[in-house]
Amino acid sequence: MSKDTATFRDNNTGTEIELPVIRSTQGPAVVDIGSFYRQTGYFTYDPGFLSTASCESALTFIDGKNGVLQYRGYPIEQLAEQSNFLEVAHLMLYGELPTEDELAQFRTIITHHSMLNESLRNFFQGFYHDAHPMAIMVGVVGSLSAFYHDSTDIDNPRHREIAAHRMIAKMPTIAAACYKHSIGEPLVYPNNALSYTGNLLNMMFSVPCEEYEVDPVAEKALDLIFILHIDHEQNASTSTVRLAGSSRANPFACIASGIAALWGPAHGGANEAVLNVLEEIGDVSQIPKYIARAKDKSDPFRLMGFGHRIYKNYDPRAKIIRRMCHEVLGKLGNNHGNEQLFELALKLEEIALKDDYFIERKLYPNVDFYSGLIYRALGIPTNMFTVMFAIARTAGWVAHWTEMISAKGQRIGRPRQLYVGPKKRDYIPLAQRK
Ligand code: CMC
């Protein structure tokens with residue numbers, strides 16, 4: 001067997017085939033099974049994609065065993081320490097860190113796409129006041145193609161670029177409008193003098209009757225959290241965006257599908273669930289009871305913010321956010337018991353990480369375990385946490401969508417299945433059915 005092939009032997013028939021092995025730049029190589037069905041008559045079977053690479057990508061690299069995360073080769077720790085959200089968004093979209101001029105130009109473009117078509121603003125009024133902000137966001141983002149159809153020719157690279165810019169630019173405006181609608185306050189227009197996260201905070205928290213000043217600590221904290229959330233390679237929501245996009249649907253609809261997938265508590269909805277669980281636990285003395293519930297297989301309760309499909313080590317993003325929690329809570333003060341909740345989270349982590357159940361299964365805190373505590377300290381309500389995640393992840397989604405659509409030989413994604421339903425049977429007329 002040559003070094004760059006793997007042999008498959010069918011023990012039923014004795015047939016052997018050679019399959020090409022494609023090397024990655026880092027991380028595991030893949031066995032190319034594109035011809036497998038043609039050659040063997042078998043499909044491969046991998047529910048949950050435990051061993052299946054669904055595409056080629058040059059965006060993000062994760063080594064889950066060693067807790068490594070890189071965007072376009074740059075370690076997340078370096079980007080978190082030295083970069084900013086728009087610079088990293090540029091890196092994801094264009095492949096390189098921008099020069100000063102490029103960054104200034106990118107900032108100007110994103111800033112000048114942040115307003116919504118005025119008719120779109122009326123959409124928010126149609127939602128019930130207590131609608132979950134994610135429900136509003138899915139609907140409003142899905143409707144964007146009705147307003148911006150001048151950038152939906154996906155074969156035109158310039159259209160793709162404008163759609164990507166629009167999406168990154170408008171997401172904070174939509175998110176803030178979701179929030180304002182839910183609390184019955186007037187929607188706030190974007191302010192071009194503010195930074196990406198400063199503008200979001202202003203649109204969420206300012207009111208027409210008094211001056212609002214963006215807190216630089218909050219602005220910086222949010223920017224850092226957004227960097228950490230930009231991308232995470234082929235997770236459920238990104239794969240959803242890619243699959244929707246593979247049918248050549250318009251990019252706005254594809255991002256709306258990603259938002260829907262992100263919403264689930266096993267994915268981006270976990271940050272909201274973590275806070276709800278911490279509040280329910282309430283006190284350190286109650287932790288053993290909840291750890292016991294998480295371990296009890298007859299109880300559906302899971303310790304939210306713990307465990308990850310890929311990380312079998314500490315999630316590097318959680319490490320950065322935990323450190324940041326110390327800083328942010330220290331600077332913003334102990335409003336509404338934030339310090340106590342943080343102490344509770346630290347204790348919960350300590351107890352879980354010493355427990356055999358969590359050790360054996362390599363369950364460590366993930367990005368969602370501490371992010372909610374920061375959001376809460378910034379005054380962001382719990383039901384907006386996943387919306388915050390969606391704003392940041394939009395930069396990753398559009399980068400993946402662009403990468404996929406511009407790839408040579410792009411085809412529709414169409415998984416196969418293992419059919420376990422009834423064999424062929426004849427229709428029985430209603431009168432003869434028992
Ligand atoms: N609490 C208790 N047990 C858990 C947990 C948890 N949070 N996570 C996994 N397990 C157990 C699970 O019961 C299973 O045990 P056993 O082998 O005895 O059946 C084992 O660990 C492996 O779990 P799995 O569900 O097969 O693993 P997965 O890779 O399919 O799921 C996960 C990964 C993230 C969905 C899961 O760990 C989980 O539900 N965690 C809580 C939700 C959460 O925090 N999600 C955010 C993920 S990171 C950010 C993002 O994706 O948006």
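**Internal cavity and ligand surroundings**

L116, R121, T173, A176, A177, L187, V188 and M203 line the largest cavity of this structure, which is a predicted model. Helix α7 (residues 157–183) supplies the largest share of this lining, with 3 residues. By class, the residues of the lining comprise 6 nonpolar, 1 polar and 1 charged. The polar residue is T173 and the charged residue is R121. The space in the largest cavity amounts to about 50 Å³. In total, the structure holds 1 cavity of 30 Å³ or more. Rolling a probe the size of a water molecule over the atoms reveals where empty space remains.

The ligand is surrounded by 22 residues, of which H267, L303, G305, R309 and Y357 come nearest. The shell around the ligand divides into 11 nonpolar, 6 polar and 5 charged residues. Among the five nearest residues, L303 and Y357 count as nonpolar, H267 and G305 as polar, and R309 as charged.

Backbone atoms of the protein approach polar atoms of the ligand at several positions. A polar backbone atom of L303 lies 2.7 Å from a nitrogen atom of the ligand. At A266, a backbone N or O atom is placed 3.0 Å from a ligand nitrogen atom. For G305, the partner on the ligand is an oxygen atom, at 2.8 Å from a backbone N or O atom of the residue. Taken alone, the ligand exposes 940 Å², and the protein buries 74% of that area.

Terms used: Residues are numbered from 1 along each chain as its sequence is written. This is a predicted model: local features need pLDDT of at least 70, side-chain atom pairs count only at pLDDT 80 or more; totals for chains, interfaces and linings use all residues. Side-chain values use heavy atoms; hydrogens and water are left out. A residue is near a molecule or strand if one of its heavy atoms lies within 4 Å of it. A polar contact is a pair of N or O atoms within 3.5 Å; within protein, one must be able to donate a hydrogen and the other to accept it, and residues adjacent in sequence count only if both atoms are side-chain atoms. Accessible areas come from the Shrake-Rupley method with a 1.4 Å probe; for residues, only the protein chains shown count as cover. On a 1 Å grid over the protein atoms alone, a cavity is a set of points where a 1.4 Å probe fits but cannot get out, and a pocket is an open set with protein on both sides within 12 Å along at least five of seven lines; lining residues have an atom within 4 Å of a point. Grid points are joined across faces, edges and corners, and a volume is the space filled by probe spheres set on the points. Helices (H or I, at least four residues) and strands (E, at least two) are DSSP runs, numbered from the N terminus.
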